[in-house]
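Reader: I've got a model open on my screen and I'd like to learn how to read it. Could you walk me through it, one feature at a time?

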Amino acid sequence: MSAIRYLSFLGAGLLTSALATPARAQVASKKILTLDGARAVADRAAAEARRSGSPGVIAVVDDGGNLVYLERLDDTFPAGARTARSWARSA
């Protein structure tokens with residue numbers, strides 16, 4: 001292979017890899033709420049509710065409004081779970 005043909009081939013390869021790099025850089029990473037994270041949030045909320053003597057339902061949803069964790073505290077009416085899911089989704 002002649003030197004000019006080799007340099008042309010090498011240049012084309014470098015250009016191809018340089019053009020391919022930004023495409024990979026455009027992929028975004030997204031942090032998600034894990035079940036353990038949702039439980040930690042709910043535990044803190046439950047501790048505050050117990051401290052203030054308030055019954056209630058704790059609903060934790062992800063960024064799409066999908067239910068991740070639900071906890072109904074003692075002395076809370078059963079339909080409170082449905083209401084808490086709706087409030088969490090709209091928040």
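**Starting from one residue**

Author: Sure. Keep in mind that this is a predicted model. Let's start with Glu71, which sits in strand S2, residues 67–72.

Reader: Is Glu71 buried or exposed?

Author: The cut-off for buried is under 20% relative accessible area. Glu71 comes in at 18%, so it counts as buried.

Reader: Which residues does Glu71 touch, leaving aside its neighbours within four places in sequence?

Author: Ala42, Asp43, Ala46, Arg50, Gly56, Val57 and Ile58. On top of that, the Glu71 side chain makes a polar contact with the side chain of Tyr69, at 3.5 Å.

Reader: Now charges. How many salt bridges are there?

Author: To call one, look for a side-chain nitrogen of Lys or Arg within 4 Å of a carboxyl oxygen of Asp or Glu. By that rule you get four. One of them pairs Glu71 with Arg50, with the closest N and O atoms 3.8 Å apart. That pair ties together distant parts of the chain, strand S2 and helix H2, 21 residues apart. Arg50 is exposed, at 56% relative accessible area, while Glu71 is buried.

Reader: What about a salt bridge inside one helix?

Author: Try Glu48 and Arg51, whose closest N and O atoms are 2.5 Å apart. Both lie in helix H2, three residues apart, or about one turn of the helix. Glu48 is partly exposed at 41%, and Arg51 is exposed at 63%.

Reader: And where does Asp63 find its salt-bridge partner?

Author: At Lys30, with the closest N and O atoms 3.0 Å apart. Here loops are linked: Asp63 is in the one between S1 and S2, and Lys30 is in the one between helix H1 (3–25) and H2, 33 residues away. Both residues are exposed.

Reader: OK, on to the greasy part. Which residues make up the largest nonpolar core?

Author: For a core, you follow buried nonpolar side chains that join up. The largest one here has eight residues: Ala38, Ala42, Ala46, Ala49, Ile58, Val60, Tyr69 and Leu73. Helix H2 (35–52) and strand S1 (57–61) each supply at least two of them, and H2 gives the largest share, with four.

Reader: What does Ala38 touch, not counting residues up to four places away in sequence?

Author: Leu33, Val60, Val68 and Tyr69. Apart from this core there's another, of five residues, including Val57, Ala59, Ala81 and Ala84.

Note on methods
Residues numbered from 1 in each chain as written. Predicted model: local features only at pLDDT ≥ 70, side-chain atom pairs only at ≥ 80, totals over all residues. Heavy atoms only, no water. Helix = DSSP H or I, 4+ residues; strand = E, 2+ residues; numbered from the N terminus. Buried < 20%, exposed > 50% of the residue type's maximum accessible area, 1.4 Å probe, protein only. Polar contact = N/O pair within 3.5 Å; in protein donor to acceptor, adjacent residues only side chain to side chain. Contact = heavy atoms within 4.5 Å. Core = buried A, V, L, I, M, F, W, Y, C linked by side-chain atoms within 4.5 Å.
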